[in-house]
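Good morning, and thank you for making time on the agenda. I would ask you to look at the sequence and the model together while I speak.

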Amino acid sequence: MIFMETELWPNIIAQCQKQQIKLLLINGRLSDKSMRSYQKLALVLYRLLFLLLTPLLLVVLLLRSINHRAYRQRLLERLGFTSSTLQPGGIIVHAASVGEVIALKPFITELLNDYANLPVTVTTFTPTGSAQVKKLFADKVQHCYLPLDNIFSTQVFLARLKPKV
C-alpha cells in the first residue's frame, strides 16, 4: 500500500503491519523510532477516541452533503465497505485530495505500466479527489474512498481489497 499523506492514519498503518502488507509512506510525519514509541500507548488511546468519534464524523459528512451531495454518495466506503466490483489483490495508492492525485499521476502511470497484471486502486478522502482520479485515469484504475481511521473500518477495508502492496 502506498500512502501519500501529510496526516497519519495510525489504524490503517497498524493493520498493514499486522497483516504483513507492505506499506510505503510518502510525506509521513513520524520517523520509525517515533512510530514505535507512538504505537505503544497513543495507538490504544487514538483507537478508542476515533472509534467514539466515528458517529460524529459520519454526521459531519452528512452535514457537508447538504451543500455537496457527493459526500453522501458512497458513504459506506467511509466505513470500509468497498464496492464488490473492486478487484482485490492489487496495489493501493492513497492520495488525500486533488493536489496529491495530480502529484502522483506520473507514479501511478508507471505502476500501471510496470504492474499491468495487478489492479491499481487509488483512494482519496474527498469527492474532488475522486473526480480528479476519474478525470486523469478513467477506468485504468479503481477508486474508492479511504475509510475513516477506526480499527473496524480499516480491517474491513483491507480484508476486502487484500492489497499486495
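I shall begin with the overall fold, then turn to individual helices, loops and charged residues.

First, the basis of the values. This is a predicted model, in which local features need pLDDT of at least 70 and side-chain atom pairs count only at pLDDT 80 or more, while totals for chains, interfaces and linings use all residues. Residues are numbered from 1 along each chain as its sequence is written, and side-chain values use heavy atoms, with hydrogens and water left out.

Now the overall fold. The protein chain holds five helices and five strands; here helices (H or I, at least four residues) and strands (E, at least two) are DSSP runs, numbered from the N terminus. Along the sequence the pattern reads β-α-β-α-β-α-β-α-β-α. The protein chain has 165 residues, of which 44% count as buried. By buried I mean under 20% relative accessible area, by exposed over 50%, and by partly exposed anything in between, with a 1.4 Å probe and protein chains only. The accessible surface of the protein chain is about 9,100 Å², and carbon and sulfur atoms contribute 61% of that; the areas come from the Shrake-Rupley method with a 1.4 Å probe, and for residues only the protein chains shown count as cover. As for contacts, that is, heavy atoms within 4.5 Å, residues 24 or more positions apart account for 65% of those with a separation of 6 or more.

Let me take helix α1 and the loop after it. The helix spans residues 10–18, and seven of its nine residues are buried. Those buried residues are P10, N11, I12, I13, A14, Q15 and C16. Q20 follows α1, in the loop that leads to β2 (24–26). Its phi is near 55 degrees, a positive value in a residue other than glycine. Q20 is also exposed, with a relative accessible area of 73%. K22 occupies the loop between α1 and β2 as well, and counts as exposed at 64% relative accessibility. Which residues does K22 contact, leaving aside its neighbours within four places in sequence? They are M1 and V165. K22 and M1 are 21 residues apart in sequence, yet their C-alpha atoms are 6.1 Å apart in space.

Helix α4, residues 127–137, is my second example. Its buried residues are P127, G129, S130, Q132, V133 and F137. The elements that cover them include α3 (98–114), β4 (120–124) and β5. Just after α4 comes A138, with a positive phi of about 50 degrees, although A138 is not a glycine. A138 belongs to the loop between α4 and β5, and K140 is found in that loop too. K140 is exposed, its relative accessible area being 60%. From K140 to T109 the C-alpha distance is 9.3 Å, across 31 residues of sequence.

I turn now to charges. How many salt bridges does the rule give? The count comes to one, where a salt bridge is a side-chain nitrogen of Lys or Arg within 4 Å of a carboxyl oxygen of Asp or Glu. E77 forms a salt bridge with R74, with the closest N and O atoms 3.0 Å apart. E77 counts as buried at 8% relative accessibility, whereas R74, at 29%, counts as partly exposed.

D149 presents another situation: this residue is buried yet has no salt bridge, and the nearest side chain of opposite charge, R47, is 7.7 Å away. In that assignment Lys and Arg count as positive and Asp and Glu as negative, while His and the chain ends are not counted. D149 lies in the loop between β5 (142–145) and α5 (151–161). Not counting residues up to four places away in sequence, D149 touches W9, P10, N11, I12, Y46, F50 and T154. Three of these names, P10, N11 and I12, appeared earlier among the buried residues of α1.

Finally, the aromatic rings. R78 has its charged end over the ring of F125, 4.8 Å from the centre. R78 also lies over the face of Y145, at 4.0 Å from the ring centre. The criterion is NZ of Lys or CZ of Arg within 6 Å of the ring centre and within 35 degrees of the ring normal.
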